[in-house]
Amino acid sequence: MDELEFRRRIYTNPADSDQDLVDAAAQNPDNEAFWQEMKQLDDKLKMAADIPVPDDLANKLILRQTLREFNQQKRRNRWYIGLAASVAFTFGIGLTAWQQQHVQLDEAALAHMYYAETEQPHGTAEITPQLVNAKLAQFGAELDPSIGHIASVNYCLLDAIRSLHLIIETPEGRMSVFLVPEHDKPMNNDFADRSYHGSSYALHKTNILVVGDKGTNIPAFKSELKQHLKFSA
Amino acid sequence: MKEKTLRYEALVRALHGDIYRYAYWLTNDKSTAEDIVQETFLRAWRALDSLQDEKAAKSWLITILRRENARRFERKQFDLVDFDEVSVSGNEDQDSDAEVRQVRRAIGKLAPDYREPLMLQIIFGFSGDEIAAQLELNKNTVMTRLFRARAQLKEVLTSSSQQRGFQSG
């Protein structure tokens, strides 16, 4: 190895301890002297490079991170609380809206059937065809008394609508007739639940729902009713 | 989270000193060095999960640090303060002896292209290959820069010690 190459390698890295460098230094005292000089320079460089580190730097770095993390955690928690609050709020609004949603008339009628079962007749006044027709007159309707014995005639609320509930004794059994003075309410033509079934039709802005016990002939009573219940308007 | 904190603390304790020193030699200024070390470890924390190999931590941190330093220069373009002038005045440390201060000044005056590979070698003990990988240079370029860095330092320090000799003699 020539001197130039030796110096180049030593300049590049004085800590290099390759055998060919060792050999070149052993053969040439100038090389050896240069190597020692460069090793000394490197010692100085190491000393100089070893800048004193601020005492508390490590703790500062850790503390900062801990605080930052803590704050982020707090912010994240706040975010979660915010989300939870808005979910609860939305749920509340939804629930209110759902509760305010109107049930269908047929469902209301069926529900009323169970209520009417336990209802005591109002007063003891005999139900005359005149009384029935006086009440029906408000709906612009008139009932031919030959349809059967009117067991009861009462106002009731179906889905918050003041309606008239008639219970008529027929050869088919007790039949309920609801008159609801709203024609645009959602409603099924035929409906049923576990105890009752029924059918509906609309006439002169009035919905008429016929409900009877399971097994009664609703279509027959319905056509019977259509013949006996007349609307004047 | 606990585990990540422990990992982070270990990383800080093991490497903050050398990272700070390297930052100092990148910036030639103590407070700037501290700032970019803070930034570096902040970014390191965020990306800590991506650090799989603990052995790679050193060069990973150096990469972050160098990026932070480059960012600082992008910001500096908008400042009117001449960074080099400021840094020289902040460079003096009183607690070191005259010779160490002289060597530090000499290192500080090296071109950054020469100073960086030299400091990777001196501070971190990186090999030529490792420096080349870290700085994304080819190995011959790295070797040439190391060679020139030492040659320049030797020249500066020899002539100044001769000068001192003249003055005292």
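**A guided tour of the predicted model**

Among contacts in chain A between residues at least 6 apart in sequence, 52% join residues at least 24 apart. The structure on display is a predicted model. The tour opens with chain A, passes to its sheet, and ends where the chains meet and at the cores.

**Chain A as a whole.** Select chain A and display it as a cartoon. Its secondary structure comes to 7 helices and 8 strands. Of the 233 residues in chain A, 23% are buried.

**The sheet.** Next, select the strands β2 to β7 of chain A. These form an open sheet of 6 strands with antiparallel pairing, in the order β2-β3-β4-β7-β6-β5. At the edges are β2 (149–158) and β5 (190–192) of chain A, each of which pairs on one side only. From one strand to the next, the twist averages 20°.

Now restrict the selection to residues 173–180 and 206–213 of chain A, which are strands β4 and β7. The two pair in the antiparallel sense over 6 bridges. For a single example, pick M175(A): its bridge partner in β7(A) is G212(A).

**Helices on the sheet.** Add residues 105–118 of chain A, helix α5, which packs on the sheet. Helix α5 touches β2, β3 (161–170), β4, β5, β6 (196–203) and β7 of chain A, and its direction makes about 45° with that of β7(A). Then add helix α6, residues 129–137 of chain A. This helix also packs on the sheet, touching β2 and β3 of chain A, and its direction makes about 25° with that of β2(A).

**Where the chains meet.** Bring chain B into view. Here 22 residues of chain A are in contact with 29 residues of chain B. On the chain A side, the elements that give two or more residues are α1 (3–12), α3 (29–49) and α4 (57–100). The most comes from α3(A), with 8 residues. Coloured by class, this side of chain A shows 14 nonpolar, 3 polar and 5 charged residues.

**The cores.** Select A49(A), I19(B), Y22(B), A23(B) and M119(B), which touch the most other members of the largest nonpolar core, a set of 40 residues. Elements that each supply at least two residues of this core include α3 of chain A and α8 (139–168) of chain B. The helix α1(B) gives the most, with 10 residues. Centre the view on Y22(B): leaving aside its neighbours within four places in sequence, Y22(B) is in contact with I62(B), L65(B), M119(B) and I123(B).

Finally, select V132(A), L136(A), L158(A) and F221(A). They are among the 29 residues of another core, which lies apart from the largest one.

Terms used:
Residues are numbered from 1 along each chain as its sequence is written. Chains are lettered from A and ligands numbered from 1 in the order in which they are written. This is a predicted model: local features need pLDDT of at least 70, side-chain atom pairs count only at pLDDT 80 or more; totals for chains, interfaces and linings use all residues. Two residues are in contact if their C-beta atoms, placed from the backbone, lie within 7 Å. Helices (H or I, at least four residues) and strands (E, at least two) are DSSP runs, numbered from the N terminus. Ala, Val, Leu, Ile, Met, Phe, Trp, Tyr, Cys and Pro count as nonpolar, Asp, Glu, Lys and Arg as charged, and the others, Gly among them, as polar. Two strands pair if DSSP finds at least two bridges between them. Axes are lines fitted to C-alpha atoms, for helices over the stretch in contact, and angles run from 0 to 180 degrees between N-to-C directions. A residue is buried if 20 or more other C-beta atoms lie within 10 Å of its own, exposed if 12 or fewer, and partly exposed in between; C-beta atoms are placed from the backbone. A nonpolar core is a set of buried Ala, Val, Leu, Ile, Met, Phe, Trp, Tyr and Cys residues joined through C-beta atoms within 7 Å.
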